Amino acid sequence: VCADTEGRPFGLRSELSDNSRITSLRPRLSKPMHTFMLSRRQSLTALLSIGGVALVGLPGCSAGDQAPSSTFVLLDGTTTSTEQLKGKVSLINFWATTCVTCVKEMPALVDTYQKFKDRGFETVAVAMSYDQPAWVLNYAQSRQLPFKVALDNTGDIAKSWGDVKLTPTTYLVDKQGQIVKRFLGEPDFGALHGLIDKLLAA
């Protein structure tokens, strides 16, 4: 479990989470509520646009940390673990079907996986505990996601990775199981591909 210097688990405030629904699931909102949700989304966008300035100080697992020992329960009922992922370069993506940015970046995550999978690259997309399993299953099947999709029903996995609440949060892990980089929000995929390429060649 990634923790601060006093041994307490890292945590992010839930108000930073984007809990707006994707179009197909969006309920009708009153005008005041719509204005509130829009304001929250604009605030999050402004925060993420700072890119590594304001976000660099946010707590959580970070580069140089050993990836937490985790067992991921996949949609088909099978499991995989961080121990089994050693020897591969892996991307651990915390996401939700109700997260607009998560849905936006998903095609790029698919392209990334397809580009590097034959060289020992793995992706595990971990759905947040508040996401309905039926929504996650429907999304994964309808988009034909080619990589592993896990359910974090208890929230224990998100907690062990620094009490993740902001989505998307993505970790790039090397072959030795060490976190190389943490991404809050959508990554620069060009830079990410360059980093993955170097790690796979190492």
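Modeller: Before we start, a salt bridge here is a side-chain nitrogen of Lys or Arg within 4 Å of a carboxyl oxygen of Asp or Glu, and please keep in mind that this is a predicted model.

Colleague: Fine, so how many salt bridges does a search of the whole structure find?

Modeller: The search finds 6 of them; one is the contact between the side chains of Glu-83 and Lys-86, at 3.4 Å from N to O.

Colleague: And which residue does Lys-88 form a salt bridge with?

Modeller: Lys-88 pairs with Glu-122, with 3.8 Å between the closest N and O atoms, and this links distant parts of the chain, since Lys-88 sits in the loop between helix H2 and strand E3 while Glu-122 belongs to strand E4, 34 residues apart.

Colleague: Is Glu-122 buried or exposed?

Modeller: Glu-122 counts as buried because its relative accessibility is 6%, under the 20% cut-off, whereas Lys-88, at 34%, is partly exposed.

Colleague: What about Asp-197, where does it lie?

Modeller: Asp-197 lies in helix H6 and forms a salt bridge with Arg-119, in the loop between helix H3 and E4, so the pair ties together parts that are 78 residues apart in sequence. Salt bridges with shared partners also join Lys-88, Glu-122 and Lys-148 into one network.

Colleague: Switching to the sheet, in what order do the strands come?

Modeller: The open sheet has 7 strands in the order E2-E1-E5-E4-E3-E6-E7, with mixed pairing. Strands E2 and E7 stand at the edges with a single partner strand each, so one side of each is left without a neighbour in the sheet.

Colleague: How many bridges join E6 to E7?

Modeller: There are 5, and the two strands run antiparallel; Val-173, for instance, has Ile-179 in E7 as its bridge partner.

Definitions and conventions: Residues numbered from 1 in each chain as written. Predicted model: local features only at pLDDT ≥ 70, side-chain atom pairs only at ≥ 80, totals over all residues. Heavy atoms only, no water. Pairing = 2+ DSSP bridges. Helix = DSSP H or I, 4+ residues; strand = E, 2+ residues; numbered from the N terminus. Buried < 20%, exposed > 50% of the residue type's maximum accessible area, 1.4 Å probe, protein only.
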